[in-house]
Each structure stands twice: as C-alpha cells, then as structure tokens.
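Me: I would be grateful for a close look at a single part of this protein. Please treat the matter in one connected answer.

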Amino acid sequence: MCENKVNPACGPEFKSYQYTAHPCSAQEAKCGLQRQPKIGEFIGIVRDCYTLGSMPQLNESDGCHNVVFGHLSFEICLCSTDYCNAATLTHGREELYLCACSIMTYLVFHWIRWS
C-alpha cells in the first residue's frame, strides 16, 4: 500500500523492495493499482485495497478499467491474488506482444528460407 505523491518509489518504476506487502484485511476487497492522468512529467500512482461496492461506477472484475467521477478520470487495475498490484499491467502486455512478434518473425524467416 503506497502512493507516489508521498514516496516516488511507489511510482511507475515501482521499487517493491522499499515496501512490506500487506494483505487486504476486508474479505470483500481486491488489490488495486490506480493510475492517474499525467500532469507535466508526474503520473499519480496509488497501490491499495479497494472494498468491493465502494465505487458504484467501477467494473470490479480483475483487469484494468477506466473510471470517470465528474471531471476526474483515472485507470484502476484490480486483481485478486497476492502481490498482484506490484507492477503496471500494461508493461507486461507490451513485453508479451514484443516476444510474440519476435517468434513470428523468426518462424516466417525460416519458413521462407527453407521453402
């Protein structure tokens, strides 16, 4: 549980070794990573427990969701397993996509070469 407004180690380049993980105490809660819009060079990040039903407009399924409250908007990623809000979820998707593209390129190159 942290906020990069208080400690930059909680930000996009998360330094988990500076924190102690805490389980969500409520049974009806999920881990979450809230990513606020970029203001200048600052992107607000909050990692915390979110009580289910506390934000009526929120899709509470696991995954990332855009939320709008009046003039405020942000992205929140919810998850149900231990330590799951430690990293940005989109970063992992980019690496997976790059890996898949590399494998496809390799296979196509060798298929053309041996055809």
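Leaving aside its neighbours within four places in sequence, with which residues is V46 in contact? Please then continue from there to the cores and the cysteines.

Reply: The model is a predicted one, and what follows should be read accordingly. Once the neighbours within four places in sequence are set aside, V46 is in contact with C2, E3, G32, L33, Q34 and Q36.

V46 also belongs to the largest nonpolar core, a set of eight residues in which it is joined by Y50, M55, L58, V67, F74, I76 and L78. Strands β3 (42-51) and β5 each supply at least two residues of this core. The greatest contribution is that of β5, with three residues. A second core, separate and made up of five residues, includes C24, A29, C31 and C84.

One of the contacts of V46, C2, leads to the disulfides. In general, a disulfide is a covalent bond between the sulfur atoms of two cysteines. The model has four disulfides. C2 is joined to C10, with an S to S distance of 2.0 Å, and the link is right-handed, with 75° about the S-S bond. C2 counts as buried because its relative accessibility is 11%, below the 20% limit. C10 is buried as well, with a relative accessible area of 0%.

A further disulfide is formed by C64 and C77, whose sulfur atoms are 2.0 Å apart. The torsion about its S-S bond is about 105°, so this disulfide is right-handed. C64 lies in strand β4 and C77 in strand β5, so the pair ties together parts that are 13 residues apart in sequence. The two ends are not alike in exposure: C64 counts as partly exposed at 22% relative accessibility, whereas C77 counts as buried at 3%.

C79 and C84 form another disulfide, again with their sulfur atoms 2.0 Å apart. Here the torsion about the S-S bond is about 85°, so the link is right-handed. Both C79 and C84 are buried. When the bonded cysteines of the protein chain are numbered in sequence order, the pairing is 1-2, 3-4, 5-6, 7-8. C31 is in no disulfide, and the nearest cysteine sulfur, that of C24, is 4.0 Å away. This distance exceeds the 2.5 Å cut-off, so C31 and C24 do not count as a disulfide. C31 is nevertheless buried, at 14% relative accessibility.

C31 and C79 are both among the contacts of N85, which, neighbours within four places in sequence again left aside, also touches G32, L33, R47 and D48. N85 is placed in the loop between β5 (72-79) and α1 (89-114). With a relative accessible area of 14%, N85 is buried. The side chain of N85 reaches the backbone oxygen of G32 at 3.1 Å. G32 and L33 therefore link the two parts of this account, since they are in contact with V46 as well as with N85.

G53 offers a contrast in exposure. G53 lies in the loop between β3 and β4 (63-69) and counts as exposed, at 53% relative accessibility. G53 and A29 are 24 residues apart in sequence, and their C-alpha atoms are 9.0 Å apart in space. A29 itself is one of the residues of the second core.

Technical notes: Residues numbered from 1 in each chain as written. Predicted model: local features only at pLDDT ≥ 70, side-chain atom pairs only at ≥ 80, totals over all residues. Heavy atoms only, no water. Helix = DSSP H or I, 4+ residues; strand = E, 2+ residues; numbered from the N terminus. Buried < 20%, exposed > 50% of the residue type's maximum accessible area, 1.4 Å probe, protein only. Polar contact = N/O pair within 3.5 Å; in protein donor to acceptor, adjacent residues only side chain to side chain. Contact = heavy atoms within 4.5 Å. Core = buried A, V, L, I, M, F, W, Y, C linked by side-chain atoms within 4.5 Å.
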